[in-house]
Every structure is written in C-alpha cells, then in structure tokens.
Amino acid sequence: MQTAGSASNGQTNPLWLLAELTYRCPLQCLYCSNPIDYAKYQNELTTEEWMRVLQEGRAMGATQLGFSGGEPLVRKDLVELAREARRLGYYSNLITSGIGMDEPRIAALKEAGLDHIQLSFQANTPEVNDYIGGAKTFERKLAMARLIKHYDYPMVMNVVLHRQNIDQTEEILQMAEELEADYVELANTQYYGWAKVNRSQLLPTREQVERAEAIAHDYQERFKGRMKVYYVVPDYFEDRPKPCMAGWGSVFLNVAPDGSALPCHAAHQLPGLDFPNVRDASLHWIWHESPAFNAFRGEDWMKEPCRTCPERAKDFGGCRCQAYMLTGDAANADPVCSLSPQHDVVLNAIDEDQVVPPAGQLPMFRSNKNSRQFVESGV
C-alpha cells in the first residue's frame, strides 16, 4: 500500500476521500451545495462500484473518509459501505441531516464500525429550521442528536449561518450546550450552487458577521475543554483567500454520485475541464495523470498577482470555483483577495446585498429535482 506523499512522480497522494453517495435529499435547503443541474447526476454508482472506489482510495493512502450527499442515509447500502470502510482501515464520518435515521439504523452503523457522525441543524427553533430546510425536521433532528450521544458518538453539530439565522448565533450555541455537543461548527455560507442563486437573500451584513464572530469567540473561552466551537467567516468578508482544499489536487478527492472524480465538490461547474469518471479509470490514474486534476496544481498556471505573491504557497491563489463564478476565468486570482484586480466584484456584491428587502419582496429558489422552485423570502 502506498502512503501519503510516496507517489513515484513526486506528487502527494490523497488523504481525504469524500464519497458523495447521492444528491437525493428529503430537504430543500436554501443554501444547498448540490449542483444546479441535478438531473445529470442520477446514474448513481452501485454498491460494488463504491466498494472499489473505497479500496482504491485506501490503497493510495487515503485515511479520512466522508459519507456525504445530498443525504447519504437515502442509500440503503450505507451500513455495508461503513463496514467495508472499517475493514479497509479508514476513519469514517457520516455527514447527515439526520433524516432517515432511527435507532436500529444507528445501532447497525455503530456495529459496522462507523467512527463519527456530523449532524446538521438549520437553526435553533422549529420555525426557522423548517423554513430554511423546506421540511418539518426540527424535532427529528433533536431526537437524532440524543441518539448520537446514546450510542457514544462524539456530538458534532454543524449549522450553516446566513442572513436568515445568523442573529440567533447565541441561541444556537445555547441549544448546542443543552444537547451536550462536543463540537460545534458555525460555518458561514459559501456562495456556490443554490447559495449563489440566493445570495441576495442570504449574505449577511458585515455587522452581523462581526457580532456572530464575537459571540462564538466568547463561547470558545467559556466552554474551553468542554465544547469546541469553530466559527468560519464567509469569504466575502475576508481580505485573503482561503487555501481551498489545501490546494487543488493536493489532499482532497471527491467522488460524485455518478462517479465523476473532482478536486472539490463544486469543481463540476468549471468549463473546459473534462473530469474523469471512476467507471472509466482508476483513482490512481485520475489523481496523478488526468489533465483535470493537474490543471491547477503547482504554480505554473498562476497569473499575476498570484504568480509573484509571497503568500502563494499558503493560499494557492484561493478558490478556482469562486474565481470562475465571480470573474469568468478560473485562472484568475480569487477576487476575495484584496490584491486581486477584480476585488471590486466582491465589494460591489457586499454593497448590493446589504440592502435588506422587506420579507416576501424577493423570491428565493430551492433545489427540487433540478427545478427552480420559488418560495417567499422571510421567515
């Protein structure tokens, strides 16, 4: 078995494999990261095909495995895949809304060797949670949180923050305390997929972001040693870009439900790149040899100001998907960077989206089997 960093061509091998088992989901979250063109991804890999993907990933040295979606609990073979992950030696994590889980199933996952469960909430009240998710799920999520603790999993709670819920940050953390959460991730929305479509209704004000961050830092101090709180600032309010996936094709490998292999979960939108499929090629060839995975490796692709920036080895020019979405060219510097010639695109977006319209004035869109379904804004 090859270990990370032992590839003969000098590249590192992937450490983290994300298995997006399905894009099907019982929820219709306003910030959903599922592809807008959902219908293209319905020919899902079979159980046997996923088994081979897990085996090839582990042979390359991947140690972290995420089962994601959509909602991975929709897959009837999840327990079987978790058992194979344990046999192969992965540390496996289920990233879930909790909808589709009950006690027999969590018991089966525990017996199969699943290591970790990350449970998402949309808010701290049924009204807001269910509005954002497009379904009545709040009470079921509470029950799921208690089952996670009962089966001796670490209680890992994730809440995506945006304008519709960020002012309830303190109440969300109070709920996490009541549920005896071990870890809480307050992740401000990243504006891809449906979140990009709904950005004018989701992007918070700078004041909201700063207030929520101060509350999160207060809880970090107060609960040190008992509950770890992570607060992720939205890119639009940063001056430096994030080191997206620790660099393109560096440590992260995503496999979509139809078998498309991607350097990040949003890369499918980038034009001019033919992302290979695990049905047609081995993970080893995809990772090391495919043109798509080599497109933005290293520094040769970089334009100015990235090419000569002293920070380029830290942030890798930022996010290729964000560069494409906001400037039309994936090879540009991520425009959230203050040094980017297109930085005004981000500043203008912030200014435009800070004018908060009255509730119900603007429609928002939800993922609904690849249709754009209008809903009234406001909670």
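**Notebook: one chain, looked up piece by piece**

I began at the end of helix H4. H4 is followed by Gly134, whose phi is positive, near 75 degrees. I note that this is a predicted model.

**Entry 1: helix H4**

I looked back along the helix itself. H4 covers residues 126–133, and 6 of its 8 residues are buried. I listed them: Val128, Asn129, Asp130, Tyr131, Ile132 and Gly133. So I wrote "mostly covered" beside helix H4.

**Entry 2: the whole chain**

Next I stepped back. I counted 14 helices and 11 strands in the chain. I checked the radius of gyration. For 379 residues, a compact globule would come out near 21 Å, and this chain has 20 Å, which agrees. The C-alpha atoms fill a box of roughly 55 × 55 × 45 Å along the principal axes.

I then asked what share of the chain is buried. Buried residues make up 56% of the 379. The chain exposes about 16,000 Å², and carbon and sulfur atoms supply 51% of that area.

I looked at contacts too. I took those between residues at least 6 apart in sequence, and 71% of them join residues at least 24 apart. Last, I looked up the charges. There are 37 positive and 50 negative ones, and their mean positions are 3 Å apart.

**Entry 3: the sheet**

I traced the strands across the sheet. It is open, it has 9 strands, and the order is E7-E6-E5-E4-E3-E2-E1-E8-E9. The pairing is mixed. Which strands form the edges? They are E7 (228–232) and E9 (261–262), and each pairs on one side only.

**Entry 4: strand E5**

I picked E5 for a closer look. It has E4 and E6 as its neighbours in the sheet order. Strand E4 (residues 116–121) runs parallel to E5, and 4 bridges join them. E5 (residues 156–161) and E6 (residues 183–188) also run parallel, with 6 bridges.

I followed Val156 both ways. Gln118 stands opposite Val156 on one side. In E6, the bridge partner of Val156 is Tyr183. Further along, Val160 stands opposite Ala187 in E6.

Is E5 buried or exposed? I found 6 of its 6 residues buried, so the strand is largely enclosed by the rest of the structure. In a regular strand the side chains alternate between the two faces of the sheet. I checked this in E5. Val156, Asn158 and Val160 point one way, while Met157, Val159 and Leu161 point the other way. All of these are buried.

**Entry 5: backbone oddities**

I kept a general rule at hand. Most residues other than glycine have a negative phi, and most peptide bonds are trans. Then I looked for exceptions.

I found a cis peptide bond between Gly69 and Gly70, with omega about 15 degrees. Gly70 sits in the loop between strand E2 (64–68) and helix H2 (78–88). Another cis bond joins Glu304 and Pro305, with omega about 10 degrees. Pro305 is in the loop between helix H11 (291–294) and helix H12 (312–315).

Positive phi came next. Glu180 has a phi near 60 degrees, although it is not a glycine. I placed Glu180 in the loop between helix H6 (169–178) and E6. With 52% relative accessibility, Glu180 counts as exposed, because the cut-off for exposed is over 50%.

Met245 also has a positive phi, about 55 degrees. Met245 lies in the loop between E7 and strand E8 (252–255). Its relative accessible area is 23%, so I logged Met245 as partly exposed.

**Entry 6: two aspartates in loops**

I looked up Asp235 in the loop between E7 and E8. Asp235 has 7% relative accessibility, so it counts as buried. What is Asp235 in contact with, leaving aside neighbours within four places in sequence? I listed Gln190, Tyr192, Lys242, Gln322 and Val336.

Asp167 is in the loop between E5 and H6. Asp167 counts as partly exposed, at 41% relative accessibility. Not counting residues up to four places away in sequence, Asp167 touches Gln208 and Arg211. I noted the spacing for Asp167 and Arg211. They are 44 residues apart in sequence, and their C-alpha atoms are 8.3 Å apart in space.

Notes. Residues are numbered from 1 along each chain as its sequence is written. This is a predicted model: local features need pLDDT of at least 70, side-chain atom pairs count only at pLDDT 80 or more; totals for chains, interfaces and linings use all residues. Side-chain values use heavy atoms; hydrogens and water are left out. The radius of gyration is taken over C-alpha atoms; the globule rule is 2.2 Å times the number of residues to the power 0.38. Buried means under 20% relative accessible area, exposed over 50%, partly exposed in between (1.4 Å probe, protein chains only). Contact means heavy atoms within 4.5 Å. Accessible areas come from the Shrake-Rupley method with a 1.4 Å probe; for residues, only the protein chains shown count as cover. Lys and Arg count as positive and Asp and Glu as negative; His and the chain ends are not counted. The place of a charge is taken as NZ of Lys, CZ of Arg, CG of Asp or CD of Glu. Two strands pair if DSSP finds at least two bridges between them.
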